[in-house]
Structure formats: structure tokens, C-alpha cells
2 protein chains.
Amino acid sequence: MLDTFRAHVLKYVTVDEATIAAAGSFFQVKKFRKKENLLSEGQLARYNYFIAAGCVRKYFINNKGQEQTTDFAIENWWMTDLAAFWGQGKTEINIQAVEPTTVLMIDRQNLQRLFAAHPFMESYFRQIYQKAYAAAENRIRYLYEFSREELYLHFYRQFPEFTRRVPQYLLASYLGFTPEYLSEIKRKLES
Amino acid sequence: MLDTFRAHVLKYVTVDEATIAAAGSFFQVKKFRKKENLLSEGQLARYNYFIAAGCVRKYFINNKGQEQTTDFAIENWWMTDLAAFWGQGKTEINIQAVEPTTVLMIDRQNLQRLFAAHPFMESYFRQIYQKAYAAAENRIRYLYEFSREELYLHFYRQFPEFTRRVPQYLLASYLGFTPEYLSEIKRKLES
DNA sequence: CGGATCGTTGATCAACTTCAACGGTCGTGG
DNA sequence: CCACGACCGTTGAAGTTGATCAACGATCCG
């Protein structure tokens with residue numbers, strides 16, 4: 001499990017094997033079953049999760065009482081409620097395994113110790129967040145530029161395998177429209 | 001001008017005056033007039049900008065040929081096209097001064113030298129991007145949860161002074177709807 | 001085999017856009 | 001400092017996009 005993490009870190013920083021192994025010892029490994037929650041609304045967001053295998057989604061309950069999926073994360077992505085993890089408040093979001101999932105997890109105190117002990121991790125996370133921020137900005141752009149139908153097409157082209165990996169009602173939720181409308185789009189595209 | 005930067009850095013890291021002054025020497029100061037562009041579509045994104053005074057916006061030309069504003073930045077915010085700044089491609093976005101604006105700017109090579117010379121800047125930027133990413137995630141949540149009318153109300157309550165600081169057609173563009181509809185919302189809220 | 005869950009279809013409805021026109025105001029050149 | 005033009009905000013009518021609701025068929029899983 002640490003192999004996935006090791007490979008990912010090496011994409012961003014140059015560091016020797018002993019050091020990276022030492023950094024790895026700050027994490028715990030944990031497995032979750034399908035539909036099990038890594039984090040639930042109202043809890044403290046104690047951990048930051050690195051997805052080593054599987055797939056999770058982030059969702060919240062909107063003002064109509066429905067689950068609104070805002071993010072998916074697969075292998076090599078980090079996932080948590082950042083604001084709640086670094087602040088002290090309770091989270092308003094849920095993180096749930098969509099598939100059987102294995103994570104590396106670390107709490108705030110250990111992450112701070114890790115930064116102090118291994119400065120290369122500060123650089124690694126600087127780059128991770130930089131990239132995640134750029135991706136979020138891109139996503140906001142698409143939300144502005146594209147109609148719902150175009151959002152679906154764009155997603156479908158960019159992540160064809162992903163479209164098959166998650167159920168359609170979750171995909172519709174993530175794209176910001178109803179499952180009924182997704183049906184309609186698909187019918188239109190087929191004809 | 002460096003005072004604004006100094007104060008902002010000290011909110012995130014602990015570092016002595018001499019070191020922070022040394023880090024400051026990596027930046028150039030530049031002023032822009034209202035409506036002047038810091039960065040234009042098709043150019044290389046050479047610089048990362050720290051807004052020391054004033055206000056800028058980020059926008060792109062959408063597939064209907066209209067300017068779509070995606071971000072504002074005021075004092076103490078960083079602004080650039082991150083993907084183009086760190087990659088080698090040309091930018092597809094524009095950054096324009098909404099008010100007379102003073103920035104500190106730094107190119108990629110100097111920023112990398114700065115990281116190497118002063119590791120605390122790596123920690124500073126890690127935290128800046130972490131915060132920016134959390135803010136972007138929040139914004140995505142609002143885009144999903146709120147109607148256009150609620151988006152306006154939410155923005156109006158969170159940044160009342162900002163609503164007066166920028167022209168309404170830019171605000172409408174940022175919120176993702178037409179100036180006409182903003183007029184309608186305001187009329188409804190007044191009555 | 002039976003029940004729950006998922007995807008589909010069609011009708012109706014609400015949110016928001018588009019287009020065209022008008023009045024006010026701001027800034028610029030004379 | 002005034003006059004003119006450009007730009008900005010507003011209004012109303014008509015048109016789209018996507019949501020909601022209800023019902024049905026298919027499929028998955030126990």
C-alpha cells in the first residue's frame with residue numbers, strides 16, 4: 001500500500017528511499033467497504049486521506065434534503081474536508097466509499113510533525129494543493145461555460161472509464177442535474 | 001508596498017525580519033491603471049501576482065463571445081493562471097485591473113530560487129494554496145446548492161462593500177447570470 | 001421468487017436567457 | 001465647463017433549459 005504513495009511522492013519531489021520510508025511511517029492504513037463512510041456530517045474531520053486503491057465520493061445534504069455529490073477521488077488523490085481538518089469546527093460533509101477502498105490516513109498533529117521532520121513533504125503538499133486548486137478553478141470555468149449537456153459530454157470524453165465505474169444517479173448528482181435529465185441527454189445523443 | 005506582503009506572510013509563518021526582507025527582494029513592484037491587463041489570452045503567463053493594493057478580475061471569452069468573469073482578487077490575494085504559469089503553454093484567460101492596482105510580481109525561475117533559498121516560503125505557499133483550494137471547493141458547493149438569486153444574496157451578505165466596489169455587470173458575470181436578471185432580482189428584493 | 005433499487009418516459013412548471021428599447025450618467029474633447 | 005457620445009442599468013415580452021412529479025420496466029440481490 002505504501003508503494004502507491006511512494007510512487008506518487010516521487011512524481012513531485014526528489015528524495016531517497018530511507019527518507020520516504022520514514023515519512024511513510026507517519027501514516028496508518030485502513031480499508032473501507034462499499035458504501036461505508038470515511039467521514040460523516042457532524043463529526044470532527046480528524047484525518048486527511050490518501051486513496052491508495054478504490055474510489056470515494058464527497059457529498060452533502062442540500063436544502064431539499066437530497067445528497068449532492070461534489071467530488072470523486074480515485075487512486076492517488078487526497079481527500080478530506082480541508083476547512084474542518086485544519087480548523088476546529090465539525091464537518092458538514094460526508095465522504096463515502098463508492099467501491100472497496102484502501103487509504104493511508106494521517107491526523108493533523110502527525111501531519112504537522114511530518115512537515116517539521118521532513119520538509120520535502122511541505123513541498124509535496126504545496127504542489128498537490130497547487131494542482132488541486134488549478135483543477136478546481138478549471139472546474140468552475142466549465143460550470144460557467146457549459147450547459148448541462150455539454151458538461152456531461154465533456155466529462156464523458158475526459159473520463160470514459162469513470163462513466164462506467166460509478167452509477168448514473170451519482171454521476172448526474174456530480175454534474176449538477178437530475179437522473180431524469182441525464183436519461184434525456186443520453187437518448188438525444190444516441191439518435 | 002512590501003509591508004502588505006510582509007504582514008501577510010507573518011500570518012502564516014514565523015520568520016525574522018531580515019529573512020523576510022531577503023525574500024521580498026525576489027519580487028518586482030508594478031502598477032497598473034484601471035482596465036489595463038496584467039495578462040492577456042495567448043500570452044505566456046510569466047508572473048505570479050500578489051495584489052498589494054487595488055482589485056483585479058480574471059475572465060475568459062466564452063463560446064458565445066462574451067467576457068465571463070471567474071474571479072476577483074483584492075489586497076492580499078495571489079493571482080495568475082496557475083496551469084500556464086507552471087506549465088509551458090499559453091494562457092487562455094485574461095487578468096485585468098478593475099481599479100488602479102499595485103502588485104508584487106515574480107516569475108517562475110525566481111519563485112523556484114526563492115523556494116530553494118527560503119524554505120519558509122514553501123510552507124507559506126502550501127498554506128495559501130490549501131486555503132485557496134478550500135475556498136474553491138466551497139464555491140463549487142454554492143454553485144450546486146444555490147439558485148442564482150440565492151447566490152447573489154449570499155455574496156451580498158458576505159461581501160457588502162464589494163458589491164459597491166465593482167460595476168454590476170461584472171458582478172452578474174461573476175455570479176453566472178445576466179445583468180438583466182440581476183436587475184430583476186434587486187427589484188424583487190426591494191419590494 | 002419477491003422486493004428494493006435504478007433507469008426511463010412523458011407532462012407540466014419554474015428559473016433564467018435573449019432581444020429590443022429607453023433613460024440616466026459618466027468621462028472626454030472641444 | 002459644457003455638450004456629446006458611449007456605456008450602464010432597467011423594463012417587458014417571448015423563448016429555452018432543466019426541474020419536478022408520477023408511473024412503469026428492468027435488473028440486481030437476497
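**Exercise 1. Find which helix gives the largest share of the surface near DNA strand D, then describe that surface.**

Start with the helices. In this predicted model, the largest share comes from α9(B), with four residues. Next, look for other contributors: α9 of chain A, plus α8 (168-175) and α9 of chain B, each supply at least two residues.

Now for the residues themselves. DNA strand D is surrounded by 15 residues, and the closest are A:Arg148, A:Tyr181, B:Gln168, B:Tyr169 and B:Ser183. Sort the surface by class and you get four nonpolar, five polar and six charged residues.

Last, turn to the DNA side. Among the atoms of DNA strand D within 4 Å of the protein, 79% are part of sugar or phosphate, and the rest are part of bases.

**Exercise 2. Work out which residues have N or O atoms at a phosphate oxygen of DNA strand D, and say whether backbone or side chain is involved.**

Take B:Ser183 to begin with: an N or O atom in its side chain sits 2.7 Å from a phosphate oxygen of DNA strand D. Then go to A:Arg148, where a polar backbone atom is 3.1 Å from a phosphate oxygen of this strand. Finish with A:Lys64, whose side chain has an N or O atom 3.2 Å from a phosphate oxygen of DNA strand D.

**Exercise 3. Describe the surroundings of DNA strand C, from the helices down to single atoms.**

Helices come up again. α8 and α9 (179-190) of chain A, along with α9 (179-190) of chain B, each supply at least two residues of the surface near DNA strand C. Of these, α9(A) gives the most, with four residues.

Step down to residues. There are 14 around DNA strand C, and the closest are A:Gln168, A:Ser183, A:Arg187, B:Arg148 and B:Tyr181. The class split is three nonpolar, five polar and six charged.

Now the atoms. Within 4 Å of the protein, 71% of the atoms of DNA strand C belong to sugar or phosphate, the rest to bases. At the phosphates, a polar backbone atom of A:Gln168 is 3.0 Å from a phosphate oxygen of the strand. A:Tyr169 uses a polar side-chain atom instead, 3.1 Å from a phosphate oxygen. For A:Arg187, an N or O atom in the side chain is 3.1 Å from a phosphate oxygen of DNA strand C.

**Exercise 4. Decide how α6(A) is oriented against α9(A), and list what touches.**

Check the axes: α6(A) and α9(A) come within 10 Å and cross at roughly 70°. That angle makes α6(A) roughly perpendicular to α9(A). From α6(A), the contact uses A:Arg148, A:Glu149, A:Tyr152 and A:Leu153; from α9(A), it uses A:Tyr181, A:Leu182, A:Ile185, A:Lys186, A:Lys188 and A:Leu189. By class, that's six nonpolar, no polar and four charged residues.

**Exercise 5. Do the same for α6(A) and α8(A), and add the handedness.**

Axes again: helix α6 (residues 148-158) and helix α8 (residues 168-175) of chain A come within 10 Å and cross at roughly 120°. So α6(A) is oblique to α8(A). As for handedness, the crossing of α6(A) and α8(A) is right-handed.

Then pick out the partners. A:Arg148, A:Leu151, A:Tyr152 and A:Phe155 in α6(A) meet A:Leu171, A:Tyr174 and A:Leu175 in α8(A). The class count for this contact is six nonpolar, no polar and one charged.

Definitions and conventions. Residues are numbered from 1 along each chain as its sequence is written. Chains are lettered from A and ligands numbered from 1 in the order in which they are written. This is a predicted model: local features need pLDDT of at least 70, side-chain atom pairs count only at pLDDT 80 or more; totals for chains, interfaces and linings use all residues. Side-chain values use heavy atoms; hydrogens and water are left out. Axes are lines fitted to C-alpha atoms, for helices over the stretch in contact, and angles run from 0 to 180 degrees between N-to-C directions. Angles under 35 degrees count as roughly parallel, over 145 as roughly antiparallel, 65 to 115 as roughly perpendicular and the rest as oblique. A crossing is left-handed if the near helix is turned anticlockwise from the far one by less than a right angle, and right-handed if clockwise. Contact means heavy atoms within 4.5 Å. Ala, Val, Leu, Ile, Met, Phe, Trp, Tyr, Cys and Pro count as nonpolar, Asp, Glu, Lys and Arg as charged, and the others, Gly among them, as polar. A residue is near a molecule or strand if one of its heavy atoms lies within 4 Å of it. A polar contact is a pair of N or O atoms within 3.5 Å; within protein, one must be able to donate a hydrogen and the other to accept it, and residues adjacent in sequence count only if both atoms are side-chain atoms.
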